[in-house]
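Student: I have a new model open and would like to go through its charged pairs and its surface. Could we begin with one of the pairs?

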Amino acid sequence: MTTLLGISGSLRKASTNTKLMRNAAEIFNPVTFIEGDIRFPLYDGDLEEAEGIPTAVQTLSDQIKAADAVIISTPEYNKAMSGVLKNALDWISRTDGNPWKNKPLAIMSATAGRAGGERTQFSLRLGLMIFRPRLLQGPEVLVADSANQFDENGKLTGETYVKLLTELMDDLRALT
């Protein structure tokens, strides 16, 4: 049985990164697909000391640990990963153990800009390095002008993007 965990770095209901993550999961075709929730309070050491690790943080940490593979799709905010995704990484780092260690992981991005998220992926790779996942280096899935790359049902439409996403998911499946 294969369990795939997906994390979208965007909280918006109509997020193109959530759409991209769901397209990736469909291509990967796991037995179980779980969408991680990163609606956490802002990391605050005083909050952690007073109340401990929030339940939602521990849940995501446990989901990462239990998953056979993880995918992350993130927008680019001011040349880096989204604040909510960075916050999630910071909180997860405070849980016991390292759920990311040796975890097969693929990243992708969908952005309004023409580069499709090159800098956000660089930022995310840098942020993940300390956790030592088995991060695929490519192919890079960089969906530019993302508002125009999905149909009314949320399906990715660009032939090149679908080809790259399929290759990335094939490689992730092989690594799992």
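Tutor: Certainly. Glu26 and Lys155 are joined by a salt bridge between their side chains, with an N to O distance of 2.3 Å. Please bear in mind that this is a predicted model.

Student: Where in the chain do Glu26 and Lys155 lie?

Tutor: They come from distant parts of the chain, 129 residues apart. Glu26 belongs to helix α1, whereas Lys155 sits in the loop between β6 (142–143) and α6 (159–175).

Student: And is Glu26 buried or exposed?

Tutor: Glu26 counts as exposed, because its relative accessibility is 54% and the cut-off for that class is over 50%. Its partner Lys155 has 31% and is classed as partly exposed.

Student: How many salt bridges are there in the whole structure?

Tutor: A search of the whole structure gives 5. Another of them pairs Arg22 with Glu35, whose closest N and O atoms are 2.7 Å apart. This pair also links distant parts of the chain: Arg22 is in helix α1 and Glu35 is in strand β2 (residues 32–35), with their positions 13 residues apart.

Student: How accessible is Arg22, and what about Glu35?

Tutor: Arg22 is partly exposed at 43% relative accessibility. Glu35 is likewise partly exposed, at 36%.

Student: What does Asp90 pair with?

Tutor: Asp90 forms a salt bridge with Lys86, at 2.6 Å from N to O. The two residues are separated by about one helical turn, because they are 4 residues apart in helix α4 (residues 83–92). Asp90 is partly exposed at 27% relative accessibility, and Lys86 is partly exposed at 38%.

Student: Let us go back to helix α1. Is Thr16 buried or exposed?

Tutor: Thr16, which is found in helix α1 (residues 16–28), is buried. Its relative accessible area is 13%, and buried means under 20%.

Student: Which residues is it in contact with, leaving aside neighbours within four places in sequence?

Tutor: Thr16 is then in contact with Ala110, Ser146, Ala147 and Phe150.

Student: Changing topic, which residues form a nonpolar patch on the surface?

Tutor: Phe122, Leu126 and Met129 form one, and together they have about 370 Å² of accessible area. Phe122 lies in helix α5 (residues 118–129).

Student: How accessible is Phe122?

Tutor: Phe122 has a relative accessible area of 60%, so this residue is exposed.

Conventions
Residues are numbered from 1 along each chain as its sequence is written. This is a predicted model: local features need pLDDT of at least 70, side-chain atom pairs count only at pLDDT 80 or more; totals for chains, interfaces and linings use all residues. Side-chain values use heavy atoms; hydrogens and water are left out. Buried means under 20% relative accessible area, exposed over 50%, partly exposed in between (1.4 Å probe, protein chains only). Contact means heavy atoms within 4.5 Å. Patches are made of residues with over 30% relative accessible area and no salt bridge: like charges are joined within 9 Å, nonpolar side chains (Val, Leu, Ile, Met, Phe, Trp, Tyr) within 5 Å. Accessible areas come from the Shrake-Rupley method with a 1.4 Å probe; for residues, only the protein chains shown count as cover. A salt bridge is a side-chain nitrogen of Lys or Arg within 4 Å of a carboxyl oxygen of Asp or Glu.
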